[in-house]
Amino acid sequence: MNIKQLRFFLQIAELGSVTRAATLLHIAQPALSRHVRQLEEEVGVALFQRSDRGVALTSAGMLLRDRAVGLLQHVDRVRQEVRDEFNEPSGEVTVAMPPSMLELVTLPAVARYRERHPGVLLRVIEGISGVLNAWSMVHLGKADLAVVTNVEPLATLESTEFLREPLCLIGPRSAGLDPAAPVALEEVATKSLIVPGRPNSLRLILETAMAERKIPLHVAFEGNSPTLIVLAVEAGLGFATLPFCSAYRFLREGRVSLAPIRHLDVSWALVQSREQPLSAAGEQLKATLRETIATQIASGSWTMAKLLP
């Protein structure tokens, strides 16, 4: 069994076809089939079920696929660590980011990172809780790093709280909310709210706080993205409770008003694998995210946020 055979095996498993895999891998189909037979002979079991429609993994094939993914990731990581020890960071790095941070963090951090490390292929995956569980992407090896507000208690993950900001009540411009004048949770309860659909960590923060005080929550409707929710607020369809970063551009342009909710904070955490250390490219990305946030806070663009040591 060798690395090349495992890569060939995974490509066939993903496509469900030796023919298509051979085309993608730029290898003759008979040669690819021969590699598969040699691999099956070595492990002593059939890895694929053949049919006129293609191939499908056997139970043994599924087991090998699950093991091979982690093994090849480890091999790639070791190779990259050796290269990075004597060269500029290179290779690939994937980060899962919340859409709330798009303008304040993600875009400026990507620009800064690309300028400094043009040899790294940077992948940014964006989504919200319930659509994208960023922590699970790190757990499954689909992302090297993630910024999240909720972390599952998994032994394979290392989570570090690094940023804190208040949850804010966001209303139309006419509401006259003032960033310098925090509002009580009781005032939030008087509003018709536009909230993210479940499951969502930001909604959970609000619902938990209101349940503890036995305060009712009045939901006008649910939206699946911060931009949609803030646009709906601007249109006068209700109020929202989101972090400041979600409404940054709208507030700067005078399209909404905003006030922090007293004693209700959002904690952001950096999540990475305990089992697979970050490559040099990943460590540089983590540093760039922190540096970008520090710059935004120092410039006054994000005065409500606190960067933790």
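Q: Which residues line the second largest cavity?
A: This is a predicted model, in which local features need pLDDT of at least 70, side-chain atom pairs count only at pLDDT 80 or more, and totals for chains, interfaces and linings use all residues. Residues are numbered from 1 along each chain as its sequence is written, while side-chain values use heavy atoms, with hydrogens and water left out. On a 1 Å grid over the protein atoms alone, a cavity is a set of points where a 1.4 Å probe fits but cannot get out, and lining residues have an atom within 4 Å of a point. For the second largest cavity, that lining is Val 95, Met 97, Thr 106, Ala 109, Val 110, Leu 122, Val 124, Leu 285 and Leu 289.

Q: Which element gives the most to the lining of the second largest cavity?
A: Elements are DSSP runs numbered from the N terminus: helices (H or I) of at least four residues and strands (E) of at least two. Two or more lining residues come from each of strand S3 (91-97), helix H5 (102-116), strand S4 (120-126) and helix H11 (280-298). With three residues, the one that gives the most is H5.

Q: How many charged residues are in the lining of the second largest cavity?
A: Ala, Val, Leu, Ile, Met, Phe, Trp, Tyr, Cys and Pro count as nonpolar, Asp, Glu, Lys and Arg as charged, and the others, Gly among them, as polar. Eight residues of this lining are nonpolar and one is polar, so by these classes the number of charged residues is zero, or simply no charged.

Q: What is the volume of the second largest cavity?
A: A volume is the space filled by probe spheres set on the grid points, which are joined across faces, edges and corners. Two cavities of 30 Å³ or more are counted. The second largest has a volume of about 50 Å³.

Q: With which residues is Leu 289 in contact, leaving aside its neighbours within four places in sequence?
A: Leu 289, one of the residues lining the second largest cavity, is also among those with the most contacts inside the largest nonpolar core, alongside Met 101, Ile 170, Leu 185 and Trp 302. Such a core is a set of buried Ala, Val, Leu, Ile, Met, Phe, Trp, Tyr and Cys residues joined through side-chain atoms within 4.5 Å. Contact means heavy atoms within 4.5 Å. Leu 289 has such contacts with Val 95, Met 97, Val 105, Ala 109, Leu 145, Val 147 and Leu 270.

Q: Which strand gives the largest share of the largest nonpolar core?
A: This core has 59 residues. Its largest share, eight residues, comes from residues 256-273, which form strand S10.

Q: Why is Cys 168 in no bond with Cys 245, and what is the distance between their sulfurs?
A: A disulfide is a pair of cysteine sulfur atoms within 2.5 Å, and the count here is zero. Cys 168 is buried at 0% relative accessibility (buried is under 20%, exposed over 50%, partly exposed in between, with a 1.4 Å probe and protein chains only). Cys 245 counts as buried too, at 5%. The closest cysteine sulfur to that of Cys 168 is in Cys 245, but it is too far for a bond because the distance is 8.9 Å.

Q: Which helix gives the most to the lining of the largest pocket?
A: A pocket is an open set of grid points with protein on both sides within 12 Å along at least five of seven lines. The largest has a volume of about 1400 Å³, and among its 35 lining residues the closest to the centre are Val 69, Gln 73, Leu 140, Gly 141 and Lys 142. By class, the lining has 10 nonpolar, 12 polar and 13 charged residues. With 11 residues, the helix that gives the most is H4.

Q: Which helix gives the most to the lining of the second largest pocket?
A: The second largest pocket holds about 160 Å³ of space, and Pro 99, Leu 102, Glu 103, Thr 227 and Ser 246 lie nearest its centre. H5, helix H9 (226-234) and helix H10 (248-252) each supply at least two lining residues. With three residues, the one that gives the most is H10.

Q: Is Gly 16 buried or exposed?
A: Gly 16 sits in the loop between H1 and helix H2 (18-25). Beyond four places in sequence, Gly 16 is in contact with Arg 53, Gly 54 and Val 55. Its relative accessible area is 15%, so Gly 16 is buried.
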